[in-house]
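Please look over the sequence and the three-dimensional model below before reading on. The paragraphs after it are meant to be read with both in view.

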Amino acid sequence: MICIFLFFCFITVTTLEDPCFTTKLIDDWRRSVANGDSSQICDNVLEEGWYRVVSGSGELMPTVCPYGGFRCGTTTPFWLSSSEVTGSLYPDNSSTVNRTTCGANYYGDCCEKTIDIRIKDCGCYYVYYLKPTTGCYSAYCFGNQLPCPDGLTSSTGFTPGCTNSSY
């Protein structure tokens, strides 16, 4: 009886501490690197912690500089830098990795600012340990798709594959 109780307590504590079970979600298609509208998303008020990205525009942080800024719904978009990383930028096998994000500015500097983050593989998705950005307007980018234009649709509601919805 005591063994079962201790096992249950261990499972409960492990689940509560596992970042894969975070309840903090980011669901904002405007963070897509394909979004050239700088609608002024600002992550300087973001609470530090683990986040799961669930946007239809995609869950992955871009690994290529959004050159010239004004992407991802902000002036200074933060993207996942590959400098000093050998192998994959994203973890596998339930592991967690430390990574550096870079803030690209509109003058062409792809790494004007840096913020260290963590990424954990949760099997079918990733979670990100994010920190507030410095200053406004700057935000983390996620995904590379846009919503289908008015009158068009797709199986996800996002590009690619948008077709005329009246057929």
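What follows goes from the sheet and its strand order to individual backbone features in the loops.

The model is a predicted one, and a useful place to begin is its open sheet, in which seven strands are arranged in the order β1-β2-β6-β5-β4-β3-β7 with mixed pairing. At the edges of this sheet stand β1, formed by residues 25-26, and β7, formed by residues 138-140, each of which pairs on one side only. Within the sheet, strand β4, covering residues 96-103, runs antiparallel to strand β5, covering residues 113-121, and the two are joined by eight bridges. One position by which to find this pairing in the model is V97, which stands opposite I119 in β5.

The loop between β3 (76-80) and β4 holds N93, and S94 also has its place in the loop between β3 and β4. N93 is not a glycine, yet its phi is positive, at about 55 degrees, and S94, again a residue other than glycine, has a positive phi near 65 degrees. Is N93 buried or exposed? With a relative accessible area of 68%, N93 counts as exposed, because the cut-off for that class is over 50%.

Two cis peptide bonds can be followed in other loops. C136 and Y137 are joined by a cis peptide bond with omega of about 10 degrees, and Y137 is found in the loop between β6 (126-130) and β7. The peptide bond from T159 to P160 is cis as well, with omega near -5 degrees, and P160 lies in the loop that runs between β8 (152-153) and β9 (163-164).

Conventions: Residues are numbered from 1 along each chain as its sequence is written. This is a predicted model: local features need pLDDT of at least 70, side-chain atom pairs count only at pLDDT 80 or more; totals for chains, interfaces and linings use all residues. Side-chain values use heavy atoms; hydrogens and water are left out. Two strands pair if DSSP finds at least two bridges between them. Helices (H or I, at least four residues) and strands (E, at least two) are DSSP runs, numbered from the N terminus. Buried means under 20% relative accessible area, exposed over 50%, partly exposed in between (1.4 Å probe, protein chains only).
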